[in-house]
Amino acid sequence: DLARASGCLACHSVDKKVVGPAWKEVAARYKNDPQAKARLINKVKSGGKGNWTVLTGGAPMPPYSPRISDSDITLLVEFVLAL
């Protein structure tokens, strides 16, 4: 519900690429990265591009801070990494 209300599902889904990568792909890529949570929180807050260029064709991740609270961004990132 939080992902839907926050607009995440416009570009992502759990199982398949939409505009951005599927969240299961994100979780798999960062599975063994101890800095993944902090890195992804920063990416959601600030936006950016370059990590998934081949998959997205260069479409950037827009910044979601301050539209989404820091605590909700953390919850969303924890959800994605737990997949």
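1. In this predicted model, Asp15 counts as exposed, because its relative accessibility of 57% lies over the 50% cut-off. Its side chain meets that of Lys24 in a salt bridge, with 3.0 Å from N to O, and Lys24 itself counts as partly exposed at 44% relative accessibility.

2. The structure holds four salt bridges, and the pair just described is one of them. Another joins the side chains of Glu78 and Lys37 at 2.6 Å, N to O; since Glu78 lies in helix H5 (residues 70–81) and Lys37 in helix H3 (residues 36–46), this pair ties together parts that are 41 residues apart in sequence. Glu78 is partly exposed at 34% relative accessibility, and Lys37 is partly exposed at 37%.

3. The side chains of Lys45 and Asp70 also meet in a salt bridge, at 3.5 Å from N to O, and the pair links distant parts of the chain, with Lys45 in helix H3 and Asp70 in helix H5, 25 residues apart. Lys45 is partly exposed, with a relative accessible area of 24%, and Asp70 is partly exposed at 41%.

4. As to the overall fold, the chain has five helices and zero strands, and residues 24 or more positions apart account for 47% of its contacts with a separation of 6 or more. The radius of gyration is 12 Å, which agrees with the value near 12 Å that a compact globule of 83 residues would have.

5. On the surface and the charges, 30% of the 83 residues count as buried, while the chain exposes about 5,100 Å², of which carbon and sulfur atoms supply 57%. The mean positions of the 12 positive and 7 negative charges are 7 Å apart.

Conventions: Residues numbered from 1 in each chain as written. Predicted model: local features only at pLDDT ≥ 70, side-chain atom pairs only at ≥ 80, totals over all residues. Heavy atoms only, no water. Helix = DSSP H or I, 4+ residues; strand = E, 2+ residues; numbered from the N terminus. Rg over C-alpha atoms; globule rule 2.2 N^0.38 Å. Buried < 20%, exposed > 50% of the residue type's maximum accessible area, 1.4 Å probe, protein only. Contact = heavy atoms within 4.5 Å. Areas by Shrake-Rupley, 256 points an atom, 1.4 Å probe, with all protein chains shown as cover. Lys, Arg positive; Asp, Glu negative; His and termini not counted. Charge placed at Lys NZ, Arg CZ, Asp CG, Glu CD.
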